[in-house]
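Got your viewer open and a hand on the mouse? Let's take a walk through this protein, one selection at a time.

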Amino acid sequence: MSKEDIYYSNQETAWCPGCGNFPLRKALAGALNELGLLPPQVAIFTGIGQAAKMLHYIRVNGFNGLHGRSIPPAIGSRIVNPTLKVLVESGDGCTYGEGGNHFLHNIRRNPDITHLVHNNQIYGLTKGQASPTTGEGMTTKIQTEGINSEPLNPIKLALSLGASFVARGFVGEEDHLRELIKSAIKHRGYALLDILQPCVSFNKVNTYQWYKQRVYKLADNYDDSDYNKALKKANEWGEQIPIGIFYRKEKKIFRDRFSQLDDRPLVEKEINPLGVKPFLLDFK
């Protein structure tokens with residue numbers, strides 16, 4: 001058994017052959033291994049969707065909850081146990097659609113979590129209707145006359161809201177993606193990693209070949225502390241699609257705002273029930 005194999009469960013997957021979730025899982029397992037994180041030291045929170053099934057196929061702690069609602073329990077877990085590495089995994093529909101409200105306000109709080117969004121620009125689990133990132137004019141099984149709305153730009157949105165780490169990866173560049181995941185996990189604060197991940201069954205436009213003709217890596221000398229340059233790069237989409245770390249900045253994290261919290265899990269703190277007696281007396 002290789003070191004990466006310790007993260008794989010024995011459960012048979014329900015993903016289609018050729019699904020982008022497979023290389024994404026491999027990149028994630030490789031990143032965890034290279035960071036020296038063992039399964040008990042990691043927790044993944046998911047909602048609903050093919051991306052959310054990642055938790056079924058990778059052996060770490062986890063919570064599989066409601067559609068679009070994976071961020072709140074992830075933040076809660078990080079608050080009560082700062083020793084855990086906490087990740088959220090979801091699809092573009094789960095995060096930018098159902099979970100849009102949580103996504104927005106999570107950025108304001110800057111919790112110390114890593115968010116991997118499997119962006120295949122379609123709802124795969126429910127057989128191919130448009131998601132918030134589906135391209136304008138694309139036809140689906142539901143939108144047979146074509147999408148008549150502009151697609152959401154998650155990179156630009158996260159930057160405009162002040163996210164402290166914003167990056168984009170592509171499953172067709174697995175080594176590069178593994179390094180991005182490692183950087184996102186090491187970042188202290190909220191790290192969004194939007195991952196271009198073809199859906200081979202329900203998105204016949206944004207295929208591996210389509211991406212490989214367009215995707216390019218941000219240059220080694222790209223300055224990821226330059227906010228205005230990051231916004232300019234975020235607007236690139238079409239014939240040229242950049243991948244890499246667009247922007248990162250150290251900011252106060254959500255946990256830092258609570259003076260009663262320290263670096264220990266809450267379960268390790270001593271609790272004196274008699275300490276609440278003065279407050280109980282107020283009710284007499």
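Which helix gives the most to the lining of the second largest pocket? Select residues 92–98 to see the answer: helix 3 does, with three residues. Keep in mind as you click around that this is a predicted model.

**Stop 1: the second largest pocket**

Stay where you are and look at the space itself. The volume here is about 190 Å³. There are 17 residues in the lining, and Ile48, Gly49, Gln50, Tyr123 and Gly124 are the closest to the centre. Try colouring the lining by class: you should get six nonpolar residues, ten polar and one charged.

Now pick out Gln50. You'll find Gln50 in the loop between strand 1 (42–46) and strand 2 (61–64). Show what surrounds Gln50, skipping residues up to four places away in sequence, and you'll see that Gln50 touches Ala14, Trp15, Asn21, Gly124 and Leu125. Draw a distance line from Gln50 to Trp15, C-alpha to C-alpha: the two are 35 residues apart in sequence, and the line should read 7.2 Å.

**Stop 2: the largest pocket**

Next, select Gln121, Thr133, Pro151, Leu152 and Trp237. Of the 19 residues lining the largest pocket, these five lie nearest its centre. The space in this pocket comes to about 290 Å³. Its lining has nine nonpolar, seven polar and three charged residues.

Zoom in on Gln121. Is Gln121 buried or exposed? Gln121 counts as buried because its relative accessible area is 3%, and the cut-off for buried is under 20%. There's a backbone detail to check here too: Gln121 has a positive phi of about 60°, even though it is not a glycine.

**Stop 3: along one loop**

Gln121 sits in the loop between strand 4 (114–119) and helix 5 (154–160), so let's follow that loop. Select Lys127, which is found in the loop between strand 4 and helix 5. Lys127 has a positive phi as well, of about 75°, and is not a glycine. With a relative accessible area of 49%, Lys127 is partly exposed.

Carry on to Glu150, whose place is also in the loop between strand 4 and helix 5. Why does Glu150 count as exposed? Because its relative accessible area is 68%, and exposed means over 50%. Draw another C-alpha line, this time from Glu150 to Glu136: they are 14 residues apart in sequence and 5.4 Å apart in space.

**Stop 4: two strands**

Click on Thr114, which is in strand 4. Thr114 is buried, with a relative accessible area of 3%. Leaving aside neighbours within four places in sequence, Thr114 is in contact with Val86, Leu87, Val88, Ala184, Ile185 and Ala191. How far is Thr114 from Thr126 in space, C-alpha to C-alpha? The distance is 26 Å, with their positions twelve residues apart in sequence numbering.

Now hop over to Ser90 in strand 3 (residues 85–91). Ser90 is buried too, and its relative accessible area is 0%. Show the contacts of Ser90, again without neighbours within four places in sequence, and you'll get Ala51, Thr95, His115, Leu116, Val117 and His118.

**Stop 5: a pair of helices**

Select residues 71–80 for helix 2 and residues 100–109 for helix 4. How do they pack? Their axes are 10 Å apart, at an angle of about 35°. Show side chains and look for Ile71, Pro72 and Ile75 from helix 2, which make the contact with His102, Phe103 and Asn106 from helix 4. Sort those contact residues by class and you get four nonpolar, two polar and no charged.

**Stop 6: one more helix**

Select residues 174–186, which is helix 6, and find Glu179 in it. Glu179 counts as partly exposed, because its relative accessibility is 37%. Now draw a C-alpha line from Glu179 to Ala14: they are 165 residues apart along the chain, and 27 Å separates them.

**Last stop: zoom out**

Finish by selecting residues 52–195. An unreviewed UniProt entry annotates this span as "domain: Thiamine pyrophosphate enzyme TPP-binding". The span is 33% helix and 19% strand. Pick the C-alpha atoms at its two ends, and you'll find they lie 14 Å apart.

Notes:
Residues numbered from 1 in each chain as written. Predicted model: local features only at pLDDT ≥ 70, side-chain atom pairs only at ≥ 80, totals over all residues. Heavy atoms only, no water. UniProt positions renumbered as here; feature names shortened; annotations may be inferred. Helix = DSSP H or I, 4+ residues; strand = E, 2+ residues; numbered from the N terminus. Axes fitted to C-alpha atoms, helices over the stretch in contact; angles between N-to-C directions. Contact = heavy atoms within 4.5 Å. Nonpolar A, V, L, I, M, F, W, Y, C, P; charged D, E, K, R; others polar. 1 Å grid on protein atoms, 1.4 Å probe; cavity = no way out; pocket = protein on both sides within 12 Å on 5 of 7 lines; lining within 4 Å. Points joined across faces, edges and corners; volume = space filled by probe spheres on them. Buried < 20%, exposed > 50% of the residue type's maximum accessible area, 1.4 Å probe, protein only.
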